[in-house]
Amino acid sequence: MKKLSLCLAVLAAGVFSASVYAADIQIDKARVRATAPGQDTAMVDMQITSKQAASLVGVSTPAAKSVELHRMSTDEKGAMTMREVQAVQLPAGQVVDLGEAHYHVMLIGLKAQIKEGAPLPLTLKIQLVDKKTLNVETTAEVRPLVEVKAAVPANEHDHEHMHHH
């Protein structure tokens, strides 16, 4: 009976341990705009939810020579600045929308044009509180380079300026 109790205790410890697996990290709405020919950089935005406190400490993709984490801020003169950061905090159980939190993933040295509809594979490096790291695979949706606004119906155009004599 002692062996069974010990076995159950070990199993319970494994089930209730504080380990975070890739399944404990959820990535949603990963997106990037298509790039123009010759464009060297692109910004990726996404939402990350971690079941436990963790940090996003890196990102890689075969599409770029390097990838950096950036934070946008406004200086005392009102000018926007962009600075590389080493980590983005992921509080336990909270959705971190990189864009809303003034962060983004910067792809630098694009190896080819990013085209609408083509998947963009990403590997996120997540560091846990115990300093272990996880690699979490995801794919960013490539959106159009330019968002096209809905056209105004023809019967709603202002034709007052067209006077024919």
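Accessible areas in this talk come from the Shrake-Rupley method with a 1.4 Å probe, and for residues only the protein chains shown count as cover. On that basis, the chain exposes about 11,200 Å², of which carbon and sulfur atoms supply 57%.

Good morning, colleagues. The structure is a predicted model, in which local features need pLDDT of at least 70 and side-chain atom pairs count only at pLDDT 80 or more, while totals for chains, interfaces and linings use all residues. Residues are numbered from 1 along each chain as its sequence is written, and side-chain values use heavy atoms, with hydrogens and water left out.

I begin with confidence. The pLDDT, which is the predictor's confidence in each residue on a scale from 0 to 100, has a mean of 82 over the chain, and 76% of the residues reach 70 or more. Over residues 2-19 the pLDDT is below 50, and this stretch has three contacts in the model beyond near neighbours in sequence; a contact means heavy atoms within 4.5 Å. Residues 156-165 also have a pLDDT below 50, with two contacts beyond near neighbours in sequence.

Next, the overall architecture. Helices (H or I, at least four residues) and strands (E, at least two) are DSSP runs, numbered from the N terminus. The chain has one helix and ten strands, and along the sequence the pattern reads α-β-β-β-β-β-β-β-β-β-β. Among contacts between residues at least 6 apart in sequence, 67% join residues at least 24 apart.

How are the strands paired? Two strands pair if DSSP finds at least two bridges between them. Strand S3 (residues 54-60) runs antiparallel to strand S9 (residues 120-128), and six bridges join them; Val59 has Leu124 in S9 as its bridge partner. S9 also pairs in the antiparallel sense with strand S10 (residues 133-143), over eight bridges, and here the bridge partner of Gln127 is Thr133 in S10. Four residues lie between the strands in the hairpin of S9 and S10, where Lys131 takes a positive phi near 75°.

Strand S4 (residues 64-74) likewise has two antiparallel pairings to report. With strand S8 (residues 103-110) S4 shares seven bridges, and Leu69 stands opposite Val105 in S8. With strand S5 (residues 80-85) S4 shares six bridges, and His70 stands opposite Glu84 in S5. The hairpin of S4 and S5 has five residues between the strands, and Gly78 there takes a positive phi near 90°.

I turn to the interior. Buried means under 20% relative accessible area, exposed over 50%, and partly exposed in between (1.4 Å probe, protein chains only). Of the 165 residues of the chain, 32% count as buried. A nonpolar core is a set of buried Ala, Val, Leu, Ile, Met, Phe, Trp, Tyr and Cys residues joined through side-chain atoms within 4.5 Å. The largest such core has 34 residues, and those with the most contacts inside it are Met46, Leu107, Leu120, Leu124 and Ile126. Two or more residues each come from strand S1 (25-33), S2, S3, S4, strand S6 (88-90), S8, S9 and S10. S9 gives the largest share, five residues.

Setting aside residues up to four places away in sequence, Leu107 touches Asp40, Thr41, Ala42, Val44, Thr61, Ala64, Ser66, Val67, Ile114 and Leu120. Thr41 itself is in strand S2 and is partly exposed, at 27% relative accessibility. Thr49 is also found in strand S2 (residues 41-50), but is buried, with a relative accessible area of 17%.

Finally, the charged pairs. A salt bridge is a side-chain nitrogen of Lys or Arg within 4 Å of a carboxyl oxygen of Asp or Glu, and the structure holds three. Lys51 and Asp24 meet at 3.5 Å, N to O. This pair links distant parts of the chain, 27 residues apart: Lys51 is in the loop between S2 and S3, and Asp24 in the loop between helix H1 (2-15) and S1. Lys51 is exposed at 58%, whereas Asp24 is buried at 15%.

Asp45 forms a salt bridge with Arg31, the closest N and O atoms being 3.0 Å apart. Asp45 lies in strand S2 and Arg31 in strand S1, so the pair ties together parts 14 residues apart in sequence. Asp45 is buried at 18%, and Arg31 is buried at 16%. The remaining salt bridge joins Glu141 and Arg143 at 3.6 Å, N to O; Glu141 is partly exposed at 44%, as is Arg143 at 31%.

Thank you for your attention.
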